Amino acid sequence: MIKLFSLKQQKKDGEATPKVGNQKKASAAQLRITKDINELNLPKTCNTEFPDPDDLLSFKLIICPDEGFYRGGRFVFSFKVGPNYPHEPPKVKCETPVYHPNIDLDGNVCLNILREDWKPVLTINSIVYGLQYLFLEPNPEDPLNKEAAEVLQNNRRVFEMNVLKAMRGGCVGSTFFERCLK
Amino acid sequence: MDVAVQIKDAFPKRWCHLKKVLERTGPFCHPDFEPSTDVTNHFIMTTCKILVIGAGGLGCELLKNLALMGFKDIHVIDMDTIDLSNLNRQFLFRRKDIGQSKAEVAAKFINQRIPGCNVTPHYNKIQDFDECFYRQFHIVVCGLDSIVARRWINGMLISLLTYDDDGDLEQSSIIPMVDGGTEGFKGNVRVILPGISACIECTLDLFPPQVTYPLCTIASTPRLPEHCIEYVKVIQWPKENPYEAAIDGDDPVHINWIYEKASERANQFNISGVNFRLVQGVVKNIIPAVASTNAAIAAACTTEVFKIATSCSVPLSNYMVFNDVDGLYTYTYEAEKKDDCLACGQTAKVLEIKSTEIKLQQLIDQLTESYQMKNPGVTTSINGKNRTLYLPTVSSIEEQTRENLKKNLGDLGLENGSEINVADVTSPNTLVFVLKVASESMQVE
Amino acid sequence: MASPAPKSPEQSDKSKKYDRQLSFFLDADNIGKSRAQVATQLLLELNPDVKGDFVDESPKQILETNPDFFIGHTLVIATAISERVLVPLSTRLWDAGIPLIVARSYGFIGSIRIQVEEHTVVESHPDDQHPDLRLDAPFPALKQFADSFDMSQLELKDHARIPYVVPLYQALQTWMQQHDGAFPKSSKDKNELRDLIKKGNKNPDSEEQNFTEAIRAVNFAIRKTVVPTDVQDILNDNKCINLTSKSKPFWITAKAVKDFVDNEGKGLLPLRGSLPDMTSDTNNYVKLQQIYHKQSSKDAEIVFRRAQQLLYSLSQPRDNISEAYVKNFCKHESSIAIQRGSCITSEYDQKTANASEIALSLEQPDSMMVYYVMLRAIDRFFDEYNAYPGEFDDQLEVDIIKMKSCISKLLSEWSCGPLSKDDYVHEICRYGGAELHSVSAFIGGCAAQEAIKIITKQYKPINNTLIYDAISSNTATFAF
């Protein structure tokens, strides 16, 4: 059995005035994200950008699909990793306006592992692959952009043309999309 | 007669109950226990310094309990102010206190009620304080509703551990942590001896995952009142940003806005059941607090603090769950320490270097040679700020940190005793190394 | 006791001025004042909506001079009360039908004893409960709704948004047709049913979410709807079958439910009427939700009318049972519960004590029954010597011997063998009657919760004795 404060010693008086907490040790979330980032194994269509290399908690992911409806496009996602990582998933938003059934015009992304199916064993890499898959196989059954989902379901040709129109910079229906072709 | 003395002696028999368990030994005492002859000279009344984190439902109970168990030097941290909805269970607060600091009002109340007890309030976030502050306490008790805060304080207490030259934990550096949590009629109490028993991070999966709904459900096919509320929270609020601020679950104006918008949406879809209370619950992600659960859990926490501080009985080993939905059920077990825990699973390995004059490249070569690493990424923490020294696998970081390879360690801010974090495919976790300059003796705080 | 907030703090003892307790609510200014008065004042401060009163007399005095005093209270909580007073108090309250909670804090040990003759619970809030979908006995509106979909004709996007109840129901109908109307029972049957559901899946690439849910639901939704045994016991209870003019709303409503089961319900309880969340478009989900809700309202309406007839025939006022009460009852009927307790007096009488429970538990090596024995022995000790064992330093050794003899006497009264637990005797004598605030606060918090359960008739109370050991942080429940 351990002997706790066996001396019952008087402890040193600490600073009572607040000083910004500088833990000498990196937090568990920090250690984990370092590992995740160092082991990023990106598909050739993806790239990351770290505006501040010291801040591994916020970065951008750029996806340039080389097949499927979105071939030739360039889509930027922002990642924000919180202090409760990996208990909670990072917050991911799509910064490029995109005509896509699972991404709305505000950049919200409907991907199960970003919300209800997130598990701490998943990594940043899992999310990258999930997002990449969304561009290869847009899923009309879980729509965030209902109009786009309906078009995809009813007429794939029209959907394909709409995607191209949007990526070239133009209007689909009444919504204008900025050009995002490489 | 001297007034001060009069106050001190106002309760000549206040501590007579403690005398029995502190002045007599018994078969279930901790082996360290030494009966004291005069209870008022006892450690808890003279030296022992307790930190209570949180002055909410559990915190109010903890402060009252600790004070009545004889603890005299108590600090309390809470960053919140008192809200009307707190008054039903946070019994140190009155209507007139609304808007004031929880920590300050609670401390004042206790100090008035229990002469001789000195509670020091800190109207702060726990992150406002550094190691120096936390090191002054003998025991930390948490009454928190946030996992982030628990993980932070857990990490802080682990970072205070020191090891002797043989790599053995110095027991005087351990600050035990007693953690209580409640959710409706359920609760738990745990005792954490940092570095020795399971820590918060070891058992992170014990915390239930947040309830979330698929984004497409809340956007296109809502069925439950919760779906409508989540829609406003996740999609409508960021879009309309009605008060140019993030949602504050404690601000009735914010909650009211969400309530109105969620009601509109629910009407549109013929969904019933959106009410103010549910909105608050969903937004704050909380299950309503029950006063009696708080009372029981805080009491059990206090008993553990008392046992640890006095050794008059062995402490809980190490986790108790409590549930009084059907009768009253408790279960006590020993949560296991995880060998690969990110917080307490590794003691920093010593990495001996020739001097801080060597280049970062040389340090990395040393890592790949001695530890057979493949492509290590190295970060450190300087004055509490994270710093990426070199990360080879991500091209944008690699480009920005490549220059560092040619710099010597001293110029990068590293010194004897600095810690570096090394991530590599050859190890499942990021490894922590403490630098030791071969010629100098190590000076670790 | 320090922490619990008694409903009416009448248990005060005039002779016991505030001199030995360390209650938080009392401060230095109040020394010498009546404890009941000060406690009442300070408790009222906590919540302005509470009304409180105090009587500055001992329970013993009240029992002797004003035994009707307790009548009219919903509940009585007694703390730190001696056997001599507890026994007559418990008899008095048992006879009056008033629940009694006895809370105790002694060193590192605490206990709660609940004395209630009969406690009925409508909302027991069980953690897990299967939904009441009635797929085996579909009511007309459900049938009509489920039959109205021709799944094979639906477009994929609609197909994937039909609530799983529909494909599950339709597959079940097909299976039953193939089996001469039989209902799937064995796991082979259920696997066949799952295969049938899978065939209906339309998306060639992946399983549709609602179909996944339908397949999963085979486990819990494909079963014969029955009246749970616990509920059957209540419906067949003598109190339910033989109503009197004094019967409580619970029993009258239970009888009305029983009549429903025997007639309109054709052997089944009224429909609960709540639909769990499931993948679906909003429109069809809300429709289905309303179908279940409407049917359950219909059933509850019948039960309500029957209850009104019963009230009439029992010459009870009609407003004894409201429609809202019946609706709530029907919503929770599959988890209604009853607890029947015992009088503390009989527990303390060696002729009626539950000796077998004590003896059996004591045979278990780590049973916390040993603390029950200790607490009873303390009572016996106090009764004989008017002090707590170990209360005075110079008597400690002698008290240990006396305490052992109290234990032996008790054990022999219960016809139990000797107890070789000297450690526990030493520990108990160490306490010498000490009350530790944190142990009191634990017991106080728990006892308050039990009081709320009994008053609100929600959640199941402790049945009927809880022992708390703060040394190991364990609890155990025993029924005496």
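Buried here means under 20% relative accessible area. That cut-off is used throughout this report on a predicted model.

## Strand β2 of chain C

Strand β2 of chain C spans residues 100–106, and seven of its seven residues are buried. In a regular strand, side chains alternate between the two faces of the sheet. Both faces of β2(C) are covered. On one side sit L100(C), V102(C), R104(C) and Y106(C), all buried. On the other side sit I101(C), A103(C) and S105(C), also buried. The charged residue R104(C) is thus listed among the buried ones.

β2(C) has strand partners in β1(C) and β3(C). Strand β1 of chain C, residues 76–79, runs parallel to β2(C) and is joined to it by four bridges. Within β2(C), A103(C) is the residue opposite T79(C). Helix α3 of chain C, residues 83–96, joins the picture here: β1(C), α3 and β2(C) make a right-handed β-α-β unit.

## The β2–β3 hairpin of chain C

Strand β3 of chain C covers residues 109–115. It runs antiparallel to β2(C), with seven bridges between them. Y106(C) has I109(C) in β3(C) as its bridge partner. Two residues lie between the strands of this hairpin. G107(C) takes a positive phi there, near 60°.

## The annotated site in chain A

In chain A, an unreviewed UniProt entry places the feature "domain: UBC core" at residues 28–172. Over this range the chain is 32% helix and 16% strand. The C-alpha atoms at the two ends of the range are 46 Å apart.

The UniProt record, again an unreviewed entry, places the feature "active site" at C110(A). C110(A) lies in a loop of chain A, between β4 (91–94) and α2 (124–136). Is C110(A) buried or exposed? Its relative accessibility is 10%, so C110(A) counts as buried. Leaving aside neighbours within four places in sequence, C110(A) is in contact with N102(A), L134(A), D142(A) and L144(A) in chain A. Chain B contributes L215(B) and C216(B) to the contacts of C110(A).

## Interface of chains A and B

How many residues of each chain take part in the contact between A and B? From chain A there are 60, and they are in contact with 90 residues of chain B. The size of an interface is often given as the accessible area lost when the parts come together. Between chain A and chain B, about 6,300 Å² is buried. Carbon and sulfur atoms give 55% of that area.

Three salt bridges are found across the interface of chain A and chain B. K239(B) and D106(A) meet through their side chains in a salt bridge, at 3.5 Å from N to O.

## Inside chain B

Strand β7 of chain B, residues 319–323, is mostly covered, with four of its five residues buried. Strand β6 of chain B, residues 186–192, pairs with β7(B) in the antiparallel sense over five bridges. M320(B) in β7(B) is the bridge partner of V189(B). Strand β8 of chain B, residues 329–333, is also antiparallel to β7(B), and five bridges join the two. N323(B) stands opposite Y329(B) of β8(B). The hairpin of β7(B) and β8(B) has five residues between the strands. In that hairpin, G327(B) takes a positive phi near 65°.

C132(B) belongs to helix α6 of chain B, residues 131–134. At 31% relative accessibility, C132(B) counts as partly exposed. L160(B) is 28 residues from C132(B) in sequence, and their C-alpha atoms are 9.2 Å apart in space.

## Interface of chains B and C

Chain B also meets chain C: 63 residues of chain B are in contact with 70 residues of chain C. The buried area between these chains is about 5,300 Å², and carbon and sulfur atoms give 58% of it. Which residues of chain B lose the most area to chain C? They are H17(B), R113(B) and R223(B), together 15% of what the chain B side buries.

Four salt bridges are counted between chain B and chain C. One residue pair in a salt bridge is R24(B) with D393(C), where the closest N and O atoms are 2.8 Å apart.

Conventions
Residues are numbered from 1 along each chain as its sequence is written. Chains are lettered from A and ligands numbered from 1 in the order in which they are written. This is a predicted model: local features need pLDDT of at least 70, side-chain atom pairs count only at pLDDT 80 or more; totals for chains, interfaces and linings use all residues. Side-chain values use heavy atoms; hydrogens and water are left out. UniProt positions are given in the numbering used here, feature names are shortened, and annotations may be inferred rather than shown by experiment. Buried means under 20% relative accessible area, exposed over 50%, partly exposed in between (1.4 Å probe, protein chains only). Contact means heavy atoms within 4.5 Å. Two strands pair if DSSP finds at least two bridges between them. A crossover is right-handed if, with the strands pointing away from the viewer, the path from the first strand over the helix to the second runs clockwise. Buried area is the accessible area (1.4 Å probe) that two parts lose on being put together, summed over both.
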